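Thank you for making time this morning. I would like to walk through one model with you, going from one spot to the next, and I will try to keep to what the coordinates themselves support.

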Amino acid sequence: MSTAKMRMGKLFNKETGRAFVVAFDHGQALPIPEGLGNPIDVMKRIIDGKPEGILITAGMLNQTKELFAFHGSPMPIVRADWTTLDPKMADTLGEQYRQLVKPAEALAMGAEAICTYIIGWPEEGKMFAKNIETVARIINEAHQIGLPVIVEATLWGSRIDDKKDYQMLRQMNRIAAELGADALKTEFIGDVEKQRTLIEECGDVPVLTLGGSAASPEAVAEAAQGAISAGAKGLIFGRNVWQVDDMESAMKTLSGIVHA
C-alpha cells in the first residue's frame, strides 16, 4: 500500500468503510450567502458535528488550525485549485481554471489530502486540456510526498446543460481514475443502478457524491440514501449542511445515512 492510500484510508470509518465530509470551500469561488456570519464560527459548528473530513481552502485552514489540533479531529482536505463557478463571473470573465496550491505547500500547512477539479466540457478546449494536465501533475507530485488526491469530476463546463448527464459523467470519472485519483467526488445522477455502474467502472477508487445546490431536507436525504445504496463510499456535502436552519440536525441525519 502506498503512503497516499494509507492516508486516504484514514478518512473512512473503520466499521462502515464510509465517510461523511463537509465541503466548506465555497467562499473561494461562489458568492457568500447573506447571514452566514463569521466563517470560523461556522467551522466550529461543523467540527462539533463530527464529520470524518472537511474540505476547506488554504486560507481557512491557516485561520483554523487549532480547531484540528486534537485526537480524532476531522481530516482537513485542502482545495488546491480554482475555477469560475460563479455564473455571473463566468459570463463576464469567461471560464477559467488555475492551480492555487502545490501538494508540498498543502502538506506543510497541515492538509491530510487535497482536492482538485476536472471541469468537463468547458467552452475552450485548451482550458480542458490544461485542466487535465494540471490534475495529472498534482497527482504525481502529491504521490511523491505521500499525499492523497480527491478529484472532483464534474460537467460544469458551459458546453453542456445537463450537469448530470450519465454518459459524460462516466467519462469524466473514468478519466480521473485513470489519472491516478485516490478518491472521486462527483454528482449523484438520481438513478441508483446507473450510479452503481458509474462507481463500478472506477475500479477500486472510492467514490463520494457531492450535495450540489441547496434543496429541501427531504430531497437531500433522499439523494444521500440513493448514493449510498448505489455503492458510494460517502458524501461531500456543503450548502445543504451549513446553509440550513438546523445545521446540527442536518449533519446528524446525513452522517446517520452514511454510516447506517
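Gly53 is buried, with a relative accessible area of 0%, and its place is in strand 2. Please keep in mind throughout that this is a predicted model. If we leave aside the neighbours within four places in sequence, Gly53 is in contact with Leu11, Phe20, Val21, Val22, Pro74 and Met75. For a sense of distance, Gly53 and Asn131 are 78 residues apart in sequence, and their C-alpha atoms are 25 Å apart in space.

Let me turn to helix 2. Which residues of helix 2 are buried? They are Val42, Met43, Ile46 and Ile47, and, seen down the axis of the helix, the buried residues fall within an arc of 135 degrees, so they line one face of helix 2. That fits the general rule that an α-helix has 3.6 residues a turn, so residues three or four places apart point the same way. As for what covers these buried residues, it includes strand 1, strand 2, helix 3, helix 10 and helix 11.

The two ends of this helix also deserve a look. At the N-terminal end, Asn38 acts as a cap, with a side-chain oxygen 2.8 Å from the backbone nitrogen of Ile40. Just after helix 2 comes Lys50, which takes a positive phi of about 60 degrees and is found in the loop leading to strand 2. Most residues other than glycine have a negative phi, and that is the reason I point this one out. Lys50 is exposed, since its relative accessible area is 66%. Trp121 likewise has a positive phi, of about 65 degrees, although it is not a glycine; it lies in the loop between strand 6 and helix 6, and at 35% relative accessible area Trp121 is partly exposed.

Helix 2 also takes part in a salt bridge, in which the side chains of Glu248 and Arg45 meet at 3.2 Å, N to O. Because Glu248 lies in helix 11 and Arg45 in helix 2, this pair ties together parts that are 203 residues apart in sequence. Glu248 is partly exposed at 42% relative accessibility, and Arg45 is partly exposed at 36%.

How many salt bridges are there in the whole structure? A search finds 10, and another of them joins Arg174 to Glu178, with the closest N and O atoms 2.8 Å apart. Both of these residues lie in helix 7, 4 residues apart, which is about one turn of the helix. Buried salt-bridge partners occur as well: Asp81 and Arg79 are bridged at 3.5 Å, and both are buried. These two belong to a network of salt bridges that links Asp25, Arg79, Asp81, Glu152 and Lys185. The charged end of Arg79 also sits over the ring of Tyr117, 3.7 Å from its centre.

I will finish with the aromatic rings, of which the structure holds 2 pairs. One of them, Phe24 with Trp242, is edge-to-face, at 5.3 Å centre to centre and with 80 degrees between the planes. Phe24 lies in the loop between strand 1 and helix 2, and Trp242 in helix 10, so the pair ties together parts that are 218 residues apart in sequence. Phe24 counts as buried at 8% relative accessibility, and Trp242 counts as buried at 7%.

Terms used
Residues are numbered from 1 along each chain as its sequence is written. This is a predicted model: local features need pLDDT of at least 70, side-chain atom pairs count only at pLDDT 80 or more; totals for chains, interfaces and linings use all residues. Side-chain values use heavy atoms; hydrogens and water are left out. Rings of Phe, Tyr and Trp (its six-membered ring) pair if their centres lie within 6.5 Å; planes under 30 degrees apart count as stacked, over 60 as edge-to-face and the rest as tilted. Helices (H or I, at least four residues) and strands (E, at least two) are DSSP runs, numbered from the N terminus. Buried means under 20% relative accessible area, exposed over 50%, partly exposed in between (1.4 Å probe, protein chains only). A charge sits over a ring if NZ of Lys or CZ of Arg is within 6 Å of the ring centre and within 35 degrees of the ring normal. The arc is that of the directions from the helix axis to the C-beta atoms. Contact means heavy atoms within 4.5 Å. A polar contact is a pair of N or O atoms within 3.5 Å; within protein, one must be able to donate a hydrogen and the other to accept it, and residues adjacent in sequence count only if both atoms are side-chain atoms. A salt bridge is a side-chain nitrogen of Lys or Arg within 4 Å of a carboxyl oxygen of Asp or Glu.
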